[in-house]
Amino acid sequence: MNRVFVCSCFGVTEEQVKGHAEAGACTPRQIASACKAGTDCGGCVRRIQALLGRGACPRRELADQGGPVLAELPEAA
């Protein structure tokens with residue numbers, strides 16, 4: 001399997017970031033909460049932003065209200 005790493009500090013792949021986004025993460029901060037990506041050197045934050053895109057986020061309203069927005073995902077193997 002060909003893994004494309006987004007965050008070298010924590011070994012987070014592009015596939016994992018996309019999975020968290022599908023589970024409801026809309027912002028780099030929400031991705032960081034889900035898997036720590038972007039919380040060490042910060043070099044991957046722009047890449048995470050690019051992967052998230054600028055589309056509408058169905059759960060952004062929940063996040064703005066402080067509600068839970070992320071589904072539980074299994075840890076990387």
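**Exercise 1. How much area does the protein expose, and which atoms supply 48% of it?**

Solution. This is a predicted model, in which local features need pLDDT of at least 70, side-chain atom pairs count only at pLDDT 80 or more, and totals for chains, interfaces and linings use all residues. Residues are numbered from 1 along each chain as its sequence is written, and side-chain values use heavy atoms, leaving out hydrogens and water. The protein exposes about 5500 Å² (Shrake-Rupley method, 1.4 Å probe; for residues, only the protein chains shown count as cover). Carbon and sulfur atoms supply 48% of that area.

**Exercise 2. Find the order of the elements from the N terminus on.**

Solution. Start with the counts: four helices and two strands (DSSP runs numbered from the N terminus: helices are H or I, at least four residues; strands are E, at least two). Then read along the chain: the order is β-β-α-α-α-α.

**Exercise 3. Is Glu14 buried or exposed?**

Solution. First place Glu14: helix α1, residues 14–22, contains it. Next, take its relative accessibility, 18%. Buried means under 20% relative accessible area, exposed over 50%, and partly exposed in between (1.4 Å probe, protein chains only). Glu14 therefore counts as buried. Setting aside residues up to four places away in sequence, Glu14 touches Val4, Val6, Arg47 and Leu51 (contact: heavy atoms within 4.5 Å).

**Exercise 4. Now describe Phe5 in strand β1.**

Solution. Strand β1 covers residues 5–7. Because its relative accessibility is 44%, Phe5 counts as partly exposed. Beyond neighbours within four places in sequence, Phe5 contacts Gly11, Val12 and Thr13.
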